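Reader: I'd like a close look at one chain, please: how it is packed, and then how it sits against its partner. Keep it informal, and spell out the cut-offs as you go.

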Number of protein chains: 2
Amino acid sequence: MITNAAGRKVPDKINGEAVIPYQGVGKYHPLGNKYNARISVAANYPSDGNKQVSDLKSALLRAGIKDGMTISTHHHFRNGDLLANQLFDVAKDLGIKDLIWFPSASFPCHEHLIPYLEDGTIAGIEGSMNGPLGKFCSEGKMKRTAVLRSHGGRYQAIQDGELTIDIAVIGAASADAFGNANGLNGPSASGLLGFALADSQYADKVIVVTDHLVPFPCVPWQIQGNYVDFTVVLDKIGIPEKIVSGTTQITKSPDRLLIAELTAKFCDEAGIIKEGFSFQAGAGGTALAIGDFFAQIMRRKGIKARFARGGSNQYLINMLEEGLIDYVLDGQTFDLSGVESMRKNENHVWTSPFTSYNYHGKGNFASMLDVVILGATEVDLNFNANVVTHSDGYLLHGIGGWQNCLFGKTVILPIPLFRNRIPIIRDRVTTLCGPGELIDVIVTERGIAINPLRQDLIEKLQDSDLPIKSLGDLKQEAEEICGVPEPVELSDEIVAAIKWVDGTVIDVVYKVKEM
Amino acid sequence: MITNAAGRKVPDKINGEAVIPYQGVGKYHPLGNKYNARISVAANYPSDGNKQVSDLKSALLRAGIKDGMTISTHHHFRNGDLLANQLFDVAKDLGIKDLIWFPSASFPCHEHLIPYLEDGTIAGIEGSMNGPLGKFCSEGKMKRTAVLRSHGGRYQAIQDGELTIDIAVIGAASADAFGNANGLNGPSASGLLGFALADSQYADKVIVVTDHLVPFPCVPWQIQGNYVDFTVVLDKIGIPEKIVSGTTQITKSPDRLLIAELTAKFCDEAGIIKEGFSFQAGAGGTALAIGDFFAQIMRRKGIKARFARGGSNQYLINMLEEGLIDYVLDGQTFDLSGVESMRKNENHVWTSPFTSYNYHGKGNFASMLDVVILGATEVDLNFNANVVTHSDGYLLHGIGGWQNCLFGKTVILPIPLFRNRIPIIRDRVTTLCGPGELIDVIVTERGIAINPLRQDLIEKLQDSDLPIKSLGDLKQEAEEICGVPEPVELSDEIVAAIKWVDGTVIDVVYKVKEM
């Protein structure tokens, strides 16, 4: 075990492979080259462009599926995904063992895979685990150590050859037989396919699976058929109402609304909400409320934003259509308004983790945002934050784009001071996901704390009527109400590693102790 | 020298590097991997996304320009390009020597660079040379052997690391300071930037130069800023009227119109023009006339094409807007109608040599076309064709997408039987660019020859009133009119190599003898 630059103890090997400990923000400069996939030859592909094979099993067999391979999927179908489960059903049928599953994220619907993790069909998961699989992992039941990466970190890892994908299985709402695909049309439409981009570019074999085959050309080709080996048509690859919600809704909780209002007022007083600014909120109830407060301020001031980053939703689309935003640069659509807008509005642009988040590119969009609103499960007095584990040690959330977004010019975490009477400001976060130096402001229902590194913000707000406090004071307030939380004892067995945006290991997750 | 699979003598080394002789269509299966560019780190790029430097010289210096480097440019500005000349003016000023220029094509406007080829600033050219540079090369005045590749072959060569680009200089009609760029807007608009795609993806350093800077985000990002190191704004990077013509015109020559009519009738009788078919013509006067005849046939039959490949032009756009074509998949726009249509019509899709032509991909669009209409300077009795040299040995044309398009289902060369009293059907083509097995039909003003390999076409046309003849008979007719051409003696000094779509050497070009 090595103590990394964030003071966390991390191993020098994970699953038998050497890893690099976190070295500080922007400090790790690899000298290597990107991963170089095998050269393909057009003569080995059907000249009429028809790569369709009869079913998923045939495609996996022709792709050469075998023990120990790494199989990737994406999460654009979220909790409505029917494909990953079918894929591993086939692997189980075929008696394949020790697969590594490399999803861009997994959801409660993937609880179906737990028996395969138990019987050795799947040896481990590299990817975010929301819910049951995270619990399973936390309890030390996975053969391999899990590896969690941000969306950008996943692109980086694939690009840099940190891991190689043997077979990528890309569920596409719409595709042609050549493999051109998009997420815009068809019954499983979710808007875009950016999370599968790296998989298509770098995997050895690529299978596109759709339930909505269109004649060539399927445009726009968010996934380019020139990267695709086989196409498969299934009856149904997703459950529409679980893929995108009909509507996403602003919080009705008075506390959350207060947090949202304080956040928007803070941004206004800090001079962030100005002509041509840019912002990224998100689709949670509080984030939506913040976007709505932003809109009110913008209307009052008569200004507009140059761009907003999605997760898009009806509120953001309304702002785009009202002319309050020039462009939405979108990574995923959270409701039907988002999908519909991406289909028809050319200023609603689909992006990918490559353009938005990849830290091993020549820059990315994340650092260009004036203000970014994010969540957290815990923060410490140095503004370090956790987004994957709860204070009881359970790994229940993925990193998503969270780490990548920390590079925004001002990063604000609007979070309640306590959840279920458990304070969120801790002496030490259970798992470190983001270094405090990148987190500028914590907004709670009982006050706002500004990172001392941001003297510019402190000065701008010095005469404010907003409840500016120290993080220590906020912590004390919470503890006066809820009591000082008991330390949670975890075992010393590592069940998961948390990668930083550059592929280094920032922290690990420990097995929870049996009750 | 080795005799390759086409019976042509080719060297085993070009410019000191080992090369692979042509092995037959679809026969070369490299076992290697793609080129792996260096990993970049976002921390080394401006976090606000502003990569603008003051001028081209600063950008080249910061990109580390030095002797012997390979510098690439693209030809979307065609004969209106002002950038390549300025770029090498800077190199000359800096006293840099032995540069390799790797344009996607060069034009008469680049005659400006001949003094730099003479004084050693530029050691040689890898790329098509239309006009004066071709003549200069033919006369043996270039230090290095030139290498000519198709559009797809150029993508393949870059992707496969056959050559590496040290600095790519990408002229963009429209760009933001981060380097996102497109060819759609601004005074130098030419529609798209597909020819520079590989350069952006694989070059070590990438400089985007524009005369039309827009605030981030410049969308669509045909070139992604995440690949770009520096951006430069110049007053003027192109001469609009030489970049795109106001209008492209159908030929008025009665002979050419006859050839066009015969071609269209042939396609009709062969059953090619049917509901949902696809075609690629081009923008020459004869090709435009063929497109127009196609339109007449389609209207009469009440059918439409699923897609047409551009080079787009006003006639093709009219067909798209009339509903005769569902999609135009475009590689370059040849007139203002093409640019305007690509801007506003989502069914007018910009493509790249990667999607359209790259032979070392998992298939490409070229082989999916039902019929492709191409030109040639010479053909022989086995349907082998030449597209780069004239019968006097002068290298005056590039390959363009010509070789790539030979993979279409039916390939037709509509060509006059003789030009300036020089017959085009020869015993042996001066330079072999395309193997006869891929060329199906030759249409001349005095008859149509079908490749005996296409018995299906011969059978379909057996009762036709069209003047179907053997290629031998057509050759004899031409020689009866013009006389048997004198053989042209060339020196045995190799001045250029012609690559096949897979990177192998299909033929070479010899130095012309002094008059």
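Author: Let's call a residue buried if 20 or more other C-beta atoms, placed from the backbone, lie within 10 Å of its own; it is exposed with 12 or fewer, and partly exposed in between. By that count, 61% of the 515 residues in chain A are buried. Bear in mind that this is a predicted model, where local features need pLDDT of at least 70, side-chain atom pairs count only at pLDDT 80 or more, and totals for chains, interfaces and linings use all residues. Residues are numbered from 1 along each chain as its sequence is written, while chains are lettered from A and ligands numbered from 1 in the order in which they are written.

Chain A has 15 helices and 30 strands (DSSP runs numbered from the N terminus: H or I of at least four residues for helices, E of at least two for strands). Its radius of gyration is 23 Å, close to the 24 Å from the globule rule, so chain A is as compact as a globular protein of that length (the radius is taken over C-alpha atoms, and the rule is 2.2 Å times the number of residues to the power 0.38). Along the principal axes, its C-alpha atoms fill a box of roughly 70 × 55 × 45 Å.

An automatic or database assignment splits out domain 1 (48–126 + 163–243) and domain 2 (254–491) of chain A. Their centres, over C-alpha atoms, are 32 Å apart. Domain 1 puts 12 residues into the contact and domain 2 puts in 14 (contact means C-beta atoms, placed from the backbone, within 7 Å).

Now for the strands. Seven of them make an open, parallel sheet in chain A, ordered E5-E14-E13-E10-E6-E7-E8; strands count as paired when DSSP finds at least two bridges between them. E5 (52–53) and E8 (122–125) of chain A are the edges, each with a single partner strand, so one side of each has no neighbour in the sheet. E5(A) meets E14 (230–233) over 2 parallel bridges, and there A:Val53 has A:Val232 as its bridge partner.

Further along, helix H11 (336–344) of chain A has buried residues including A:Leu336, A:Val339 and A:Met342. Their cover includes helix H10 (314–322), strand E17 (325–330) and strand E18 (348–350) of chain A.

Near the end of the numbering, strand E30 (505–512) of chain A has 8 of its 8 residues buried, so the rest of the structure largely encloses it. Strand E29 (490–499) runs antiparallel to E30(A), joined by 6 bridges, with A:Lys499 opposite A:Val505. The two strands form a hairpin with 5 residues between them, and A:Gly503 in the turn has a positive phi of about 90 degrees.

Finally, the partner. Chain B lies on chain A with an RMSD of 0.0 Å after a turn of 180 degrees and a shift of 0.0 Å along the axis (a least-squares superposition on C-alpha atoms of residues with pLDDT of at least 70 in both copies). The copies are thus related as by a two-fold rotation axis. B:Asn36 has the C-alpha nearest that axis in chain B, 2.5 Å from it. The same surface serves both copies, as 100% of chain B's contact residues recur in chain A. Each chain brings 48 residues to this contact.

Methods. Two residues are in contact if their C-beta atoms, placed from the backbone, lie within 7 Å.
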